[in-house]
Amino acid sequence: MPTLTTAETPHPVPLEVARSARARRRGLLGRDGIDGALLLSPASAVHTLGMRFPIDVAYLDRTLRVLAVRTMPPGRIGLPRPRARQVLEAEAGAMERWGIRRGVRVVVRDP
């Protein structure tokens, strides 16, 4: 399973990658939570319509540098982020624990 890390992440985080249009549209809809994170690629915006839990959203540029991190409660529509090429989603509070914030570079490893 792929993982993600940063310079401050205490341990590798399990990562699901949504590469198809169908997988990106579905995202975390219909789930009660996620163990790790979901990477939507390519993507520049997300919504939480129909979500069951609040999520942290990190907008990444083409080099996987974090442009912005937001917490979104269910029922919201996020605006597209200029320069964002991928979006990382996780349960609310996870990004702070993992050290993911604006300016940090995320490293994805696929074994």
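**Exercise 1. Find which residues Glu89 touches, leaving out residues up to four places away in sequence, and describe its setting.**

Step 1. With contact taken as heavy atoms within 4.5 Å, Glu89 touches Gly27, Leu28, Ala37, Leu38, Leu40, Val46, Ile55, Asp56 and Met95. The model is predicted, so local features need pLDDT of at least 70 and side-chain atom pairs pLDDT 80 or more, while totals for chains, interfaces and linings use all residues. Residues are numbered from 1 along each chain as its sequence is written, and side-chain values use heavy atoms, with hydrogens and water left out.

Step 2. Glu89 is found in strand 6, residues 86–91. Helices (H or I, at least four residues) and strands (E, at least two) are DSSP runs, numbered from the N terminus.

Step 3. Glu89 is buried and has no salt bridge. Buried means under 20% relative accessible area, exposed over 50%, and partly exposed in between (1.4 Å probe, protein chains only). A salt bridge is a side-chain nitrogen of Lys or Arg within 4 Å of a carboxyl oxygen of Asp or Glu.

Step 4. The nearest side chain of opposite charge is that of Arg31, 8.0 Å away. Here Lys and Arg count as positive and Asp and Glu as negative; His and the chain ends are not counted.

**Exercise 2. List the salt bridges and state which parts of the chain each one links.**

Step 1. The count comes to three salt bridges.

Step 2. Glu8 and Arg101 form one of them, at 2.7 Å from N to O. Glu8 lies in the loop between strand 1 (3–5) and strand 2 (13–18) and Arg101 in the loop between helix 2 and strand 7, so the pair ties together parts 93 residues apart in sequence. Glu8 is partly exposed at 46% relative accessible area, and Arg101 is partly exposed at 42%.

Step 3. Glu16 and Arg31 also meet in a salt bridge, 2.8 Å from N to O. Because Glu16 is in strand 2 and Arg31 in the loop between helix 1 (21–26) and strand 3 (37–40), this pair ties together parts 15 residues apart in sequence. Glu16 is partly exposed at 27%, and Arg31 is partly exposed at 25%.

Step 4. Arg52 and Asp32 meet in a salt bridge at 3.0 Å, N to O. This pair links distant parts of the chain, 20 residues apart: Arg52 is in the loop between strand 3 and strand 4 (55–60), and Asp32 is in the loop between helix 1 and strand 3. Arg52 is exposed at 52%, and Asp32 is exposed at 65%.

**Exercise 3. Locate Arg105 and say what its side chain reaches.**

Step 1. Arg105 sits in the loop between helix 2 (94–98) and strand 7 (107–109). Its relative accessibility is 44%, so Arg105 counts as partly exposed.

Step 2. Leaving aside neighbours within four places in sequence, Arg105 is in contact with Thr5, Thr6, Thr63, Leu64 and Arg65. From C-alpha to C-alpha, Arg105 and Leu64 are 5.7 Å apart, although 41 residues separate them in sequence.

Step 3. The side chain of Arg105 reaches the backbone oxygen of Thr63 at 2.6 Å.

**Exercise 4. Describe the protein chain as a whole.**

Step 1. The chain has two helices and seven strands, in the order β-β-α-β-β-β-β-α-β.

Step 2. Buried residues make up 43% of the 111 residues.

Step 3. Of the contacts with a separation of 6 or more, 57% join residues 24 or more positions apart.

Notes
A polar contact is a pair of N or O atoms within 3.5 Å; within protein, one must be able to donate a hydrogen and the other to accept it, and residues adjacent in sequence count only if both atoms are side-chain atoms.
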